[in-house]
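Trainee: Could you take me through one part of this model up close? I'd like to hear about the aromatic rings and how they pair up.

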Amino acid sequence: MDKCTTEQLTNAFLVGLNLRERLRDGDSLADAFCELNGRFDTLEDGYPKWHPAPYPFEEMLKLFFYREITGCSYRELTQYQELASAFGLRRIPDESVLSRTWRKRFDGATREFVRRGAHLLVKEVHDYDSPVAGIRPKHEVVDSEESHPEDSVAEDTEKIEFSDEEIFRTTRLARESCFSSFDSGRAENASYDDTRFFELQTFMGMVGCGTAQGAARFKFRRGAEYGPHGDTHLRAVKKFSRKQLIDGFHEATERLISTVHSEALFRRPVTVAIDITTNPFYGDVEGMPMVSGTKNHPERAFKYATLSIVGQNAPFLLAIEPVRESSPWDDNPPNRIHRVVRRLVRRAKELVPIETVLCDREFDSMGVFQTLSNLSVNYLIPKRVTSTERTALAQMERDGQNIAVESATVHVESGSHAMQFLYVPTTSGESTAIFATNVAVEPENAESFCRRYRSRWWIESKYKSIKHDFLAKTSSRDYRVRLFYFVFAGLLYNIWRLTDFLLRAGVGEELDSVPVLTAGECVELVASALIPPD
């Protein structure tokens, strides 16, 4: 990375403070950029004056400031063309231009300028001002800085650069490790083998379109005879049973992990997180047993439980499990979430050693606690506040305590074990968070122990990438199609993470550093690796 001088750092902070003052005056985030007079004269355009770049350097800087403040992906930016005028642009550039601008046009000092100024604004707004629509959560910028601190902005750290050939070769290796794990059982004399369908599915996820449009665009790129028709693609997808998809994903993930298993990171016990994500469904739910209600009544959605590695910036998605809940429109038995947890952890333990499992409050149940204990893993799960917890909180207030540890025992049909409830201050310090764990923790260590829960926050970014960067669109009512699309999006996400991992490991770069490739860049590069240019 090029040196970011003291003057440049000061100017970056002044840009952030300038925006903050306009937000205080009541401007929206977009309006604040309209009148922004930035201090950009110390930064150099990476393109020479003769370069035919259609987008002015300073205006693109403002756009990337906005992106860093909001956490938008490249694809999301292109969907908000109405914002172009706020940055002095005729239109928001497409994803490939955005990717090249960040990687090629902006040098290390310019990228650091954007990060520093934008992160200052995010923290200032969350710490001292009222929330502003569109600004990313504070923990995203804080955790990012903690995971790869810059001890000195003047320190000259060389950025690793990779050629397109290196990236394409690594991407193809990752892709080939995955696709061979799925077999639809089609006849050997079929017009298209499975790889063609996987390539089409990948293309649809990359460009963010549905089956009919995706198939047509794919044929245009590869030739009328190369790719299947949209209806043919859907028929092939429906040949995969739920078990085939889950087993195929497990086998593909096992191959990915085996590719990098020589790294010490995957030989020592890891921390994993379990969460449930939703894929919205709009329409009649009659006869749709896999559609569930959501917390946002009356919204409906398909639900998937996932287990992923957290920390060390190698967040592979290790396991996927469909969630089938009891709803008024079906005859499903009540969901027993601990069984979902058991299946996820058992599959993941076949791939990596697991030390600790982090879950959100949706998994707060004695059955889940005992299941994890039976699987010989530690757990840390936030508790819902009931009358018992409210009584304990009231006692803490009377005693003037802000930290407390309460011992308890779980007794259920599947066994029993000793556990604890930890009462610790929230990150803001304005209230108390309550966690359940089977680890023996002393009161003086309770707060630091619970800080490890922060590492699961990256999950939101993971789901954001899966849904916005890799998930193809569909309105199908057939659950086989829905599950295939989600599983394949998870597979593409893992290809991105493995590609980045192999690139960094290949040059000996620290594995807890920021990704070499963003999801948006990977979208462009994987698409190029899959589909040769015209």
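Mentor: Sure. One cut-off to start with: a residue counts as buried when its relative accessible area is under 20%. Keep in mind that this is a predicted model. F57 comes in at 13% relative accessibility, so F57 counts as buried. Its ring partner is F106, which is buried as well, with a relative accessible area of 1%.

Now the geometry. The structure holds 23 aromatic pairs. For F57 and F106, the ring centres sit 5.8 Å apart and the planes make an angle of 85°; planes over 60 degrees apart count as edge-to-face, so that's the label here. This pair links distant parts of the chain: F57 belongs to helix α3 (residues 57–70), while F106 is in the loop between α5 (95–105) and α6 (108–128), 49 residues apart.

Stay with α3 and look at F64 next. F64 pairs with W102, and this time the rings are stacked, at 5.4 Å centre to centre with 20° between the planes. Since F64 is in helix α3 and W102 in helix α5, the pair ties together parts that are 38 residues apart in sequence. F64 and W102 are both buried, too.

Put the pieces together and you get a cluster: ring pairs link F57, F64, Y74, W102 and F106. So when you have the model open, begin at F57, which is buried because its 13% is under 20%, and follow the rings from there.

Notes
Residues numbered from 1 in each chain as written. Predicted model: local features only at pLDDT ≥ 70, side-chain atom pairs only at ≥ 80, totals over all residues. Heavy atoms only, no water. Phe/Tyr/Trp six-rings, centres within 6.5 Å; stacked < 30°, edge-to-face > 60°. Helix = DSSP H or I, 4+ residues; strand = E, 2+ residues; numbered from the N terminus. Buried < 20%, exposed > 50% of the residue type's maximum accessible area, 1.4 Å probe, protein only.
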